Amino acid sequence: MKDYKILKAGDETLKQVAEPVTGFGSKGLIELIELLFHAMHQENGAGLAAPQIGISRRIFVYGIKDNPRYPTENPIPDTALINPEIIEYSTDTVDYYEGCLSLPTIRGLVKRPNSIVYKYQDVNGNYLEKEASGFESRAIQHELDHLDGKLFIERVDDLRSIIYTPI
Ligand code: ZN
């Protein structure tokens, strides 16, 4: 597996709007997805976007299984979304202490719509449309923000909600 480095807040790549993925079904794309899953698992992330490892492309992965950083969340299968777009947001919102591998040891309260309808492409370029709610919806919204050059801390309404967490 290729080496990777998780970029931290302040890095210019994290502030850029990522470019769409092209070249579906290619070896390069499959390897990128494998690297994203590998890095996410190594770092105990619940999600990881390509710009976080320095690749400014519109692709991210997420998933949860026995994660020490999110011990109370239900499992979510490993999923990769390519060129994702959210097409509907629910009006009901949820507050949650978000974290991010690019902002280690910090959590902050972020209000987001509870459920979304989103579309994306799979590794072969097929278009799919799905709904998500709860933690999965939050993970998708958080990771999509990375593709638009935004970190969760920019969505924290009350900076006094920021907390330190050892993991
Ligand atoms: Zn993040």
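In this predicted model, the search for enclosed space finds one cavity of 30 Å³ or more. The largest cavity has a volume of about 150 Å³, and its lining is made up of 16 residues, with Ala 46, Tyr 70, Gly 99, His 142 and Glu 143 lying nearest its centre. Two elements, β4 (93-98) and α2 (134-147), give two or more residues each to the lining of the largest cavity, and the largest share, five residues, comes from α2. In chemical character the lining of the largest cavity is mixed, since its residues divide into seven nonpolar, five polar and four charged.

The helix that gives this largest share of the lining is a suitable place to continue. Helix α2 has 14 residues and reaches 21 Å from its first C-alpha to its last, close to the 20 Å expected at 1.5 Å a residue. The helix is mostly covered, with twelve of its 14 residues buried. Among these buried residues of α2 are nonpolar ones such as Phe 135, Ala 139, Ile 140, Leu 144 and Leu 147, but the charged residues Arg 138, Glu 143 and Asp 145 are buried in α2 as well. His 142 and Glu 143, which are buried in this helix, are also two of the residues that lie nearest the centre of the largest cavity. After α2 comes Gly 149, whose phi is positive, near 75°.

The other helix to consider is α1, which spans residues 27-42. Its 16 residues reach 22 Å from the first C-alpha to the last, close to the 22 Å expected at 1.5 Å a residue. The buried residues of α1 are Leu 29, Leu 32, Ile 33, Leu 35, Leu 36, Phe 37, Ala 39 and Met 40, and each of these belongs to a residue type that counts as nonpolar. These buried residues pack against three strands, namely β1 (47-49), β2 (59-64) and β3 (76-89). Following α1 is Asn 44, a residue with a positive phi, near 55°.

Two of the strands against which α1 packs, β2 and β3, are also paired with each other, in the antiparallel sense and over five bridges. Within this pairing, Val 61 stands opposite Ala 80 in β3. Strand β3 is joined in addition to β6 (residues 115-121), again by five bridges and with the two strands running antiparallel, and here Glu 85 stands opposite Lys 119 in β6. β3 thus has antiparallel pairings with both β2 and β6.

From the strands the path leads on to the loop between β3 and β4, where Thr 91 is found. Thr 91 counts as exposed because its relative accessibility is 79%, and the cut-off for that class is over 50%. Although Thr 91 and Asn 114 are 23 residues apart in sequence, their C-alpha atoms are 7.8 Å apart in space.

A further approach of this kind involves Pro 166, which lies in the segment after β8 (163-164). Pro 166 is exposed, because its relative accessible area is 64%. Pro 166 and Thr 105 are separated by 61 residues in sequence, while the distance between them in space is 5.5 Å, C-alpha to C-alpha.

Note on methods
Residues are numbered from 1 along each chain as its sequence is written. This is a predicted model: local features need pLDDT of at least 70, side-chain atom pairs count only at pLDDT 80 or more; totals for chains, interfaces and linings use all residues. Side-chain values use heavy atoms; hydrogens and water are left out. Helices (H or I, at least four residues) and strands (E, at least two) are DSSP runs, numbered from the N terminus. The expected span of a helix is 1.5 Å times one less than its number of residues. Buried means under 20% relative accessible area, exposed over 50%, partly exposed in between (1.4 Å probe, protein chains only). Contact means heavy atoms within 4.5 Å. Two strands pair if DSSP finds at least two bridges between them. On a 1 Å grid over the protein atoms alone, a cavity is a set of points where a 1.4 Å probe fits but cannot get out, and a pocket is an open set with protein on both sides within 12 Å along at least five of seven lines; lining residues have an atom within 4 Å of a point. Grid points are joined across faces, edges and corners, and a volume is the space filled by probe spheres set on the points.
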